[in-house]
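Hi,

Here's the structure I promised to pass on. Have a look at it first, and then read my notes below with the 3D view open.

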Amino acid sequence: MKFLHTADWQLGMTRAFLDSDAQARYSAARRDAVAALGALAAETGAEFVVVGGDVFDANQLAPKVVSQSLDAMRAIGVPVYLLPGNHDPLDAASVFTSALFVRECPDNVTVLNRAGVFEVRPGVQIVAAPWRSKRPTADLTAEALDGLPADGVARILVAHGAVDVLDPDQTNPAQIRVAGLTDAIERSAVHYVALGDRHSRTAVGDSGRIWYSGSPE
């Protein structure tokens, strides 16, 4: 099984210091980076793509931005699984539940819109820990991992946020506890943890199976 792990696309991001022409090029470059995942998937034989949160820069975006973003995802060709993160949580104003997104969402795109298991194909599952607000009050991975068996199914946990071993804010209730991730890996309930939020590619722990992919930049 091969798949691509990516995160923090933040489509729709704007920068006040860019003039209109530069902003247009900047936005197009972000979309092009997403669409280019299709060629990478073909080159590597990846079956699907998992996006570890912050697909969009915000929930309130111009309709054109949403439409163009969905076109870029459609161009990838293989299945794409989107996790809501802190920039685009599944709150009442979620872009993922907007009429435009629902209407234009490509067939190859699935929003990981609940905590728990999503079937990719027999023997392969994604375990999702989506954000439902900008300020979670608990480790969202703990809920997603609760009760997962070690039954021979290959599972990828997709989560977003700071891990306790790297986060200097030890008062953050939403910190992802690495001990819980490590336990799930060691007992073979989960086989890889695809994280988003940290914009540089970073290994977590020494298992070789917990990674921040970094952002496209």
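Before we start, one term: two residues are in contact when they have heavy atoms within 4.5 Å of each other. Also keep in mind that this is a predicted model.

**Helix α6 and its two faces**

With that idea of contact, go to helix α6, residues 178–186, where Val178, Leu181, Ala184 and Ile185 are buried. Why do these four end up on the same side of α6? Because they cover an arc of only 125° around the axis. There's a general rule behind this kind of pattern: an α-helix has 3.6 residues a turn, so residues three or four places apart point the same way.

What do the buried residues of α6 pack against? Their partners are α5 (140–145), β7 (154–160), β8 (192–196) and β10 (210–212). Now turn the helix around: on the face away from the buried side you'll find Ala179 and Glu186, which are exposed. Just after α6 comes Ser188, with a positive phi of about 65°.

**The sheet**

Next, try tracing the sheet. It's an open one made of six strands, with mixed pairing, and the order is β5-β6-β7-β8-β10-β9. Which strands stand at the edges? They are β5 (116–121) and β9 (202–203); each has a single partner strand, so one side of each has no neighbour in the sheet.

At the β5 edge, five bridges join β5 to β6 (residues 124–128), and the two run antiparallel. If you want one pair to click on, Glu119 stands opposite Gln125 in β6. Helix α6 comes back here too: it packs on the sheet, touching β7, β8 and β10, and its direction makes about 130° with that of β10.

**The cores**

A general point first: in soluble globular proteins, nonpolar side chains tend to be buried together. In this model, the largest nonpolar core has 26 residues, and the ones touching the most other members are Trp9, Met73, Leu82 and Phe96. Two or more residues each come from α2 (37–44), β2 (48–51), α3 (63–76), β3 (80–82), α4 (99–104) and β4 (109–111). Which element gives the most? That's α3, with five residues.

Leu82 is a nice one to select. Setting aside neighbours within four places in sequence, its contacts include Trp9, Val51, Met73, Phe96, Phe101 and Val111. There's also a second, separate core of 20 residues, and Ile176, Ala189, Leu195 and Ile210 are among them.

**A closer look at α3**

Since α3 came up, here is some more on it. This helix has 14 residues and reaches 21 Å from its first C-alpha to its last, close to the 20 Å expected at 1.5 Å a residue. Its buried residues are Val66, Ser67, Ser69, Leu70, Ala72, Met73 and Ile76. They pack against α1 (20–35), α2, β2, β3, α4 and β4. Just after α3, Gly77 takes a positive phi of about 90°.

**Two residues to finish with**

Gly45 lies in the loop between α2 and β2. It's partly exposed, at a relative accessible area of 43%. Ala24, in helix α1, is also partly exposed, at 45% relative accessibility. Ala24 and Thr14 are 10 residues apart in sequence, and their C-alpha atoms are 9.4 Å apart in space.

Happy exploring!

Definitions and conventions
Residues numbered from 1 in each chain as written. Predicted model: local features only at pLDDT ≥ 70, side-chain atom pairs only at ≥ 80, totals over all residues. Heavy atoms only, no water. Buried < 20%, exposed > 50% of the residue type's maximum accessible area, 1.4 Å probe, protein only. Arc of directions from axis to C-beta. Core = buried A, V, L, I, M, F, W, Y, C linked by side-chain atoms within 4.5 Å. Expected span 1.5 Å × (residues − 1). Pairing = 2+ DSSP bridges. Axes fitted to C-alpha atoms, helices over the stretch in contact; angles between N-to-C directions.
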